[in-house]
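Okay, hi everyone, thanks for coming. I'll put the structure up, and then we'll walk through it piece by piece.

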Amino acid sequence: MSGRVLIIGGGLAGLSTARHLGEEAVLLEAAGEVGGLCRSTRRDGYTFDVSGHLLHFRRPAIRRLVGSLLPRQLRRHRRRAFVSFRGRLVDFPFQAHLYQLPPRIRRECLEGFLEADDRKGWSGLAPPEDFGSWIRYHFGPGIARHFLEPYNRKMWQVPLRELETEWAEWAVPVPTVEQVRRAAAGGPDPSLGYNPVFYYPRQGGIGALARALAREVTRLHLRRRVVAVDLTRRRVTTREGRTFYFERLVSTAPLPELLRMTRGLPPALLEAGEKLRYRSVCVFNVGLSRPGLPGRHWIYFPGRGVPFYRVGFAATSSPPAPRRAASPSTSRSPAARALRLVVAGSGGKCGPGWSKWASWKRERSRTWSTSFTSPTPTSSTIVGVRRSSRPSCANWRAGESRR
Ligand SMILES: Cc1cc2nc3c(=O)[nH]c(=O)nc-3n(C[C@H](O)[C@H](O)[C@H](O)COP(=O)(O)OP(=O)(O)OC[C@H]3O[C@@H](n4cnc5c(N)ncnc54)[C@H](O)[C@@H]3O)c2cc1C
């Protein structure tokens, strides 16, 4: 079979490319459904996103496109996010809500920020190129020590000096002196940050977007994992031994995977590929028997006491699914114990009816997903990152052993 353009992967990138190219594109997706990381699954009446995704539109054209794919389906949300800090919840962004901190820490953060700002003025130094120094340069030692450093270390799992800063300018808002003074005095600026407002489908989870895109892709083949790419003969082979020819190839598979399956690449390219680094993400999807923490979209956990870095409450963004019966209890599983840790960490309580079952499932090459169900549906997502590239959830067990 052939297509002028062959696309590997039916996540958002592959689907969008195929939709825009129309008839000339053939799309091969390894999984039995589209969406990749932006996939949602239904289980016992719950809709679980494989990992929590929110839509932030920086470009009006993209917003119009998504709006046309999901007419009257997108709901606009004003972010209600928090940081779990020493047993209390501080509004996010941390640097815009210093007044919520204990007085000594508030002073340390404010003074550190003012000194850093002052130093920027007289030293004439350009912003550093590594993220660790960049944080201290812009925010000073207080905000760095109490939030930005522990949180980012936990999320990226590498020394912060090994990260560059191009992404940070956009994702980590640097407030003005005026904003920080106001934040310390009790006049926060909730609009700081790249996501003060976001959109989410009213129904069907984030996977609704991928499914809407897929409806406009005519030559889509599911369960077709590409295992070999031959650039000389311009063809790919799938696991079942089928061959597809192309004039142009678009791959949205993970780069190391593409390099491994492409024949005849120069050794230097393969070597460069081996040096690519990435983090594994563990995502636990949890069905709750009562509202989680109503009115909250997500909470960041920078502290070392819990192994995950974020908990999201999907029910705040999307209405709950209908009530269904729960599955049998296996509450001794590692995931069930991790859930108790979450609940304790977020100040909630964990009764015996909480986690009815937990099942482990390997998602893609490096993502894990676990689901819990319980009779009344609301859902939460817990996200953590592993240091090693081998998929396992040993760090969750390490976290539990602290209890
Ligand atoms: C925890 C987490 C949270 C995130 N939150 C957000 C958010 O809130 N907002 C946001 O905009 N972005 C978010 N992102 C980023 C977003 O997920 C990605 O930018 C986006 O989903 C990437 O889409 P993609 O199509 O490039 O890749 P993927 O979604 O990875 O899709 C690749 C597809 O290729 C398929 N594939 C792989 N190998 C093969 C093969 N050999 N043959 C055939 N098919 C193959 C896979 O099955 C998959 O379907 C988040 C990412 C993570 C990990």
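So, the protein has 403 residues, and 39% of them are buried. Keep in mind that this is a predicted model. Its secondary structure comes to twelve helices and 18 strands. Now look at contacts with a separation of 6 or more: 71% of those join residues 24 or more positions apart.

How confident is the predictor? The average pLDDT for the protein is 80, and 76% of the residues score at least 70. Which elements sit at the two ends of that scale? Strand S10 has the highest mean pLDDT, 98, and helix H12, residues 394-400, has the lowest, 28. There are also two stretches to treat with care. Over residues 321-337 the pLDDT stays under 50, and the model has 41 contacts for them beyond four places in sequence. Then residues 343-378 are below 50 too, with 104 contacts in the model beyond near neighbours in sequence.

Next, the ligand. Which residues come nearest to it? Out of 25 residues around the ligand, those are Gly9, Gly11, Ala13, Gly36 and Ala253. If you sort the shell by class, you get 13 nonpolar, eight polar and four charged residues. Helix H1, residues 12-21, gives the largest share of that shell, three residues. And if you think in domains, domain 1 (2-39 + 205-276) and domain 3 (279-402) each put at least three residues into the shell.

Let's stay with H1 for a second. Its buried residues include Leu12, Gly14, Leu15, Ser16 and Ala18. Right after H1 comes Gly22, with a positive phi near 70 degrees.

Now over to helix H7, residues 207-214, where we find Ala214. Six of the eight residues of H7 are buried, so the helix is largely enclosed by the rest of the structure. If you want to click on them, they are Gly207, Ala208, Leu209, Ala210, Leu213 and Ala214. What covers them? The cover includes H1, helix H2 (60-69), and the strands S3 (40-43), S4 (46-49), S8 (197-201) and S9 (220-221).

Zoom in on Ala214 itself. Is Ala214 buried or exposed? Buried: there are 21 other C-beta atoms within 10 Å, and the cut-off for buried is 20 or more. Leaving out residues up to four places away in sequence, Ala214 touches Gly10, Leu15, Val34 and Leu220. Here's one to try on the screen: Glu33 is 181 residues from Ala214 along the chain, yet their C-alpha atoms are separated by 9.7 Å.

On to the nonpolar cores. The largest has 37 residues, and the members that touch the most others are Val83, Leu98, Phe113, Phe139, Ile143 and Phe301. Several elements supply at least two residues each, among them strand S6 (81-85), helix H3 (103-123) and helix H6 (177-185). Helix H4 gives the largest share of this core, nine residues. Where does this core lie? Domain 2 (93-192) and domain 3 (279-402) both contribute residues, so the core lies between them. Take Leu98 as an example: not counting residues up to four places away in sequence, Leu98 touches Arg106, Cys109, Leu110, Val180, Ala183 and Ala184. There's also a second, separate core of 28 residues, and Leu27, Leu28, Leu220 and Ala253 are among its members. You've met two of those names already: Ala253 came up at the ligand, and Leu220 touches Ala214.

Last bit: backbone oddities. Most residues other than glycine have a negative phi, and most peptide bonds are trans. With that in mind, check the peptide bond from Phe92 to Pro93, which is cis, with omega near 0 degrees. Pro93 sits in the loop between strand S7 (88-91) and H3.

Then there's Gln157, not a glycine, but with a positive phi of about 60 degrees. You'll find Gln157 in the loop between H4 and helix H5 (168-171). Gln157 is partly exposed, with 17 other C-beta atoms within 10 Å.

Arg234 also has a positive phi, near 55 degrees. Its place is the loop between strand S10 (226-230) and strand S11 (235-238). Arg234 counts as partly exposed, with 15 C-beta neighbours inside 10 Å.

That's my tour, thanks for listening!

Note on methods: Residues numbered from 1 in each chain as written. Predicted model: local features only at pLDDT ≥ 70, side-chain atom pairs only at ≥ 80, totals over all residues. Near = placed C-beta within 6 Å. Helix = DSSP H or I, 4+ residues; strand = E, 2+ residues; numbered from the N terminus. Nonpolar A, V, L, I, M, F, W, Y, C, P; charged D, E, K, R; others polar. Domains from an automatic or database assignment. Core = buried A, V, L, I, M, F, W, Y, C linked by C-beta atoms within 7 Å. Buried ≥ 20, exposed ≤ 12 C-beta atoms within 10 Å, placed from the backbone. Contact = placed C-beta atoms within 7 Å. pLDDT = per-residue confidence, 0-100.
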